[in-house]
Amino acid sequence: MIFDSHNHTKFSADSEMLAEDAIKRAESLNLGLVFTEHLDFDLPGNFIFNPTDYFDEYKKFRGDKVRLGAEVGMTKISRERNKKFVAENDFDMIIGSIHMLDGEDIYHKEFFDGKTKSETYKNFFTVTAEEAAVEDFDVLGHIDYICRAATYEDTSIDYPTFKNEIDEVLKIVVEREKVLELNTRRLSNPEVLKELEPVYRSYKNFGGRFVTIGSDAHRPDAVGGNFKVALDFVSALDLKPVTFSKRKIEVLS
C-alpha cells in the first residue's frame, strides 16, 4: 500500500480537517495516511499542538494504515526545543521543513517585497542545508516550498542557477541517511515536473534511494492529490516510495 505521508488535521493551526474524514478519503483511494501536524515554535499564528491530546485522541486510528507524525519547522533559534519535543514523544515520522527565513513567514507574499529571486532562493536553500545538517528528522519536507507564494515572474527553482546550494542540501540528506519528500501540492502543473526532475535526479545520483510522497492536505478532498503523477515521476527516476513507523523506514509497493 502507498502512503500519503504528509497531512494536517485540526491539530494544525491552519487546518480544520477531521481525522475521520481524511481516513475515509484515503480508504477510497486505497492509500495509507501519516498525520503530520505542524510544530513551528516561532511561526506566527500559534503553530504548536499538545502531543498528549494528539496521541490520546488519535491512538484509536494508529495502525497498519494510519501513522502519527509531526512536521517540525526548522529554525536556528528553535533547534533545542525541536529536539526536546521530538525526543519526548513516540512519533512514527518527523518531517523537517523550512517555513521561515530571517524571522519571517515565507508563505506570505509580503515576504518577497524588495528581495530578488536570486538572494531569496539562495537563502532558502542555504538555511535548509544548515538546519538539515543538525536537526532530528526523518524526511526533508517540500524542497520547493519557497516557490509557493513567490511573487516573481518566474517562480521555478531553476536547478542550474541554484545547483550549488541545492546540491548541498541533497548531499546532507543522503549523508545523514534521511529521505527527501516529493510534495504533490504543485504537481498539477506539468512544468513543475520538468523543474523538479533535475533536483530528484541529482538526489538519486548522490545516492538517494527513497522518497516519501505527501499531498500536504489540509482538506479531505486534497488527500492523495496528484499521486498518479507523483508515482510515475519517482518510478521513472528509480526512486522507491517509503513511509515510516516508529521512526523506522518502510518500503512500499
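Me: In this predicted model, which residue with a positive phi follows H7?
Reply: The model is a prediction, and local features are taken where pLDDT is at least 70. Phi of the residue in question is near 60 degrees. The residue that follows H7 is Asp-238.

Me: Which residues of helix H7 are buried?
Reply: Helix H7 covers residues 227-236. Buried here requires a relative accessible area under 20%. The residues of H7 that are buried are Phe-227, Ala-230, Phe-233 and Val-234.

Me: How many degrees around the axis does the arc of the buried residues of H7 cover?
Reply: Phe-227, Ala-230, Phe-233 and Val-234 are the buried residues of H7. They lie on the same side of H7, because the arc they cover around the axis is only 120 degrees.

Me: Which residues are exposed on the other side of H7?
Reply: An α-helix has 3.6 residues a turn, so residues three or four places apart point the same way. In H7 the buried residues share a side. On the other side, the exposed residues are Lys-228, Ser-235 and Ala-236.

Me: Which helix do the buried residues of H7 pack against?
Reply: Several strands are packed against by the buried residues of H7, among them S1 (2-7), S2 (31-39) and S8 (179-183). Strands S9 (210-214) and S10 (240-245) also belong to this set. The helix in the set, spanning 190-205, is H6.

Me: What angle does the direction of H7 make with that of S9?
Reply: Nine strands form an open sheet with mixed pairing, in the order S1-S2-S3-S4-S7-S8-S9-S10-S11. Its edge strands, S1 and S11 (248-251), each pair on one side only. H7 packs on this sheet and touches S1, S2, S8, S9 and S10. The direction of H7 makes with that of S9 an angle of about 170 degrees.

Me: Do S4 and S7 run parallel or antiparallel, and which residue of S7 stands opposite Ile-95?
Reply: Strands of a sheet pair through backbone hydrogen bonds, either parallel or antiparallel. Strand S4 (residues 93-97) is joined to S7 by two bridges, and the two strands run parallel. Opposite Ile-95, the residue in S7 is Val-139.

Me: With which residue does Lys-228 meet in a salt bridge?
Reply: Side chains of opposite charge can pair when their charged atoms come close. Lys-228 is exposed at 62% relative accessibility, and the partner is partly exposed at 44%. The two are four residues apart in helix H7, which means a separation of about one helical turn. The N to O distance is 3.1 Å, and the partner is Asp-232.

Me: How far apart are the closest N and O atoms of Arg-201 and Glu-197?
Reply: Both residues lie in helix H6, four residues apart, about one turn of the helix. Arg-201 is partly exposed at 40%, and Glu-197 is partly exposed at 25%. In their salt bridge, the closest N and O atoms are apart by 2.3 Å.

Me: Which residues are linked with Arg-62 in a network of salt bridges?
Reply: The structure holds 23 salt bridges. One of them joins Glu-88, exposed at 53%, to Lys-84 at 2.8 Å. In the network, Arg-62 is linked with Asp-90, Asp-92 and Lys-246.

Me: Is Glu-131 buried or exposed, and what is its relative accessible area?
Reply: The place of Glu-131 is in helix H4 (residues 117-132). Beyond neighbours within four places in sequence, the contacts of Glu-131 are Met-74, Thr-75, Lys-76, Arg-79 and Ile-98. Glu-131 is buried, because the cut-off is 20% and its relative accessible area is 2%.

Me: Which glutamate is in contact with Phe-125?
Reply: Phe-125 belongs to the largest nonpolar core, of 83 residues, and is one of those that touch the most other members, along with Phe-35, Tyr-54, Ile-143, Ile-166 and Tyr-200. Neighbours within four places in sequence aside, Phe-125 is in contact with Ile-143, Ile-157, Phe-162, Ile-166 and Val-169. The remaining contact, the glutamate, is Glu-165.

Me: What is phi of Asp-158?
Reply: Asp-158 is found in the loop between strand S7 (139-140) and helix H5 (163-175). At 28% relative accessibility, Asp-158 is partly exposed. Although Asp-158 is not a glycine, its phi is positive, about 55 degrees.

Me: In which loop is the place of Asn-226?
Reply: Asn-226 is a residue other than glycine with a positive phi, near 60 degrees. It is partly exposed at 27%. Asn-226 has its place in the loop between S9 and H7.

Note on methods:
Residues numbered from 1 in each chain as written. Predicted model: local features only at pLDDT ≥ 70, side-chain atom pairs only at ≥ 80, totals over all residues. Heavy atoms only, no water. Buried < 20%, exposed > 50% of the residue type's maximum accessible area, 1.4 Å probe, protein only. Arc of directions from axis to C-beta. Contact = heavy atoms within 4.5 Å. Core = buried A, V, L, I, M, F, W, Y, C linked by side-chain atoms within 4.5 Å. Salt bridge = Lys/Arg side-chain N within 4 Å of Asp/Glu carboxyl O. Pairing = 2+ DSSP bridges. Axes fitted to C-alpha atoms, helices over the stretch in contact; angles between N-to-C directions.
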